[in-house]
Amino acid sequence: MFQQVMMELTTGSVKTLEIFFLTLIGSLPLGLLISFGTMSRFLPLKGLMKTIVWIVRGTPLMLQLIIIYYGPGLILGANIWGMGSEGRFIAVLVAFIINYACYFSEIYRGGIESIPQGQYEAGEVLGLSKRQVFFKIVLLQVVKRILPPMSNEFINLVKDTSLARIIAVYELIWAGQVFIKSDGLIWPLFMTGAYYLIFSGLLTIAFAKLEKKLSYFK
Amino acid sequence: MAILEIKNLHKSFGKTEVLKGVDLSLEKGEVLAIIGSSGGGKTTLLRCINYLELAEEGTIEVKGELIYDGEKSITDEEIRKNRLHFGMVFQQFNLFPQYTVKENITLAPKLLKKYPDAEIDSTADELIAKVGLSDKADNYPWQLSGGQQQRVAIARAMAMEPDILCFDEPTSALDPELTGEVLRVIKSLKSKDNTMVIVTHEMGFAKEVADKIVFIDNGKVEAAGSPAEIFDNPKSERLKSFLAAMLKA
Ligand SMILES: Nc1ncnc2c1ncn2[C@@H]1O[C@H](COP(=O)(O)OP(=O)(O)OP(=O)(O)O)[C@@H](O)[C@H]1O
Ligand SMILES: [Mg+2]
């Protein structure tokens, strides 16, 4: 029995890990683009981006998952996600990436706007391009400032991965819950809880390390 | 030929005209001190010279070359190239916090590949020595006093070898006991090769170091001349009352 539970939980946790890392890979850069959009001086773009961010942050991720998965099929009459679990997994990723990109974009924006204008001007009068100023001067200062809120979001994402089951993606909690119905076992669910705790604990340690690493400047 | 020639510079923010036709001329190796009461437009003038603001009207020439004309549009590329004629030292230092003293100084020359890196490093060492911070080369800005930070900022600007070095009230953000070290460094830079424009409220310093003084009042050059003409024999009434107020303060 124990072995069977562990196998199921492993399968579920791999899915959870996949959702976690693939979401980050997509949403971290996408969030930066969106934050540039919300700070754009081109007002239509700014308005559009701000509206998207508002909608995505103002509605439950669960709702977004359902709409993104079923919406295209019902509206366009075609399931753009493909059949089976593969298709559902892609829909989950799309929903998560968009959702987290919007959250990250607001954190980036706060960080970028907190950098004093003098930093940009000092770089520009030295003849650096706007790109060079951003990547060589501003970015690391932004990273340092946004580490605490990013750490929160990463931990939220760990827990949000469990929402994937809404559209039948077999993630960790589902894997654990199966044994309640079939065998009346509760401990597999406790194991999933321990898994989340360890995962978010490791993240907390990693972020603390990063903060320490960037503590050489103020 | 003048190294810097500014003609009829106008700059407005919204409806307020801040520069109302400023003219300036400076020879190589000269030190120009700009004085004037608060809000007169001194910072705005320096910012226009450094392309941090774009004047709507007027021209700027460096060594006889027209590098800015308010009537014509200018591309970002031209701005980047032309602003290398100038260096700027800010009131608030604006050092890059994540870089050491030396890295602050070498960052731009290295990114712009001015010289081979080794050469940039040795020039930086010389500059650091010149501003008296050899023992701080590997420190970060937060480990320095305000006066030391400002000296780094001066070295950083010098590293780009500008034709003209601009200072906007370089000691205003400093505790009084730290102004001396910065003013001494600026004074030590005075040479036939270094041309400087210094906005300052330090009248004693202006009198001692400047070859030329310009009094800017309400967006215009209200008086200009040698330190003796400006301080010992002021003609303009507004200049007289400004100097009287400065003496009292
Ligand atoms: N970005 C801006 N937007 C609007 N108004 C501005 C801006 N920058 C400066 N001003 C206005 O322009 C005027 C001149 O300002 P400036 O900073 O050039 O004066 P200053 O001579 O440097 O004064 P101080 O001695 O206090 O530094 C002031 O009335 C100021 O409020
Ligand atoms: Mg000023």
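These legends walk through close-up views of a predicted model, covering the surroundings of ligand 1 and the interface of chain B and chain A.

Residues are numbered from 1 along each chain as written, and chains are lettered from A and ligands numbered from 1 in the order in which they are written. Local features need pLDDT of at least 70 and side-chain atom pairs pLDDT 80 or more, while totals for chains, interfaces and linings use all residues; side-chain values use heavy atoms, without hydrogens or water.

**View 1. The shell around ligand 1 in chain B.** Residues with a heavy atom within 4 Å of the ligand count here; among them are F13(B), V18(B), K42(B) and T44(B). Helix α1 (residues 42-49) of chain B brings the largest share, 3 residues (helices are DSSP runs of H or I, at least four residues, numbered from the N terminus).

**View 2. Polar side chains beside ligand 1.** Polar side-chain atoms of T43(B), at 2.7 Å, E169(B), at 3.2 Å, and H201(B), at 3.4 Å, each face an oxygen atom of the ligand. The protein covers 58% of the 640 Å² of accessible area (Shrake-Rupley, 1.4 Å probe) that ligand 1 has on its own.

**View 3. Where chain B meets chain A.** Here 24 residues of chain B are in contact (heavy atoms within 4.5 Å) with 20 residues of chain A. In chain B, Q98(B), L111(B) and W142(B) lose the most area to chain A.

**View 4. A salt bridge across the interface.** R47(B) and E121(A) pair up at 2.7 Å, N to O; the term requires a side-chain nitrogen of Lys or Arg within 4 Å of a carboxyl oxygen of Asp or Glu. The count between these chains is 1 salt bridge.

Key: A polar contact is a pair of N or O atoms within 3.5 Å; within protein, one must be able to donate a hydrogen and the other to accept it, and residues adjacent in sequence count only if both atoms are side-chain atoms. Helices (H or I, at least four residues) and strands (E, at least two) are DSSP runs, numbered from the N terminus. Buried area is the accessible area (1.4 Å probe) that two parts lose on being put together, summed over both.
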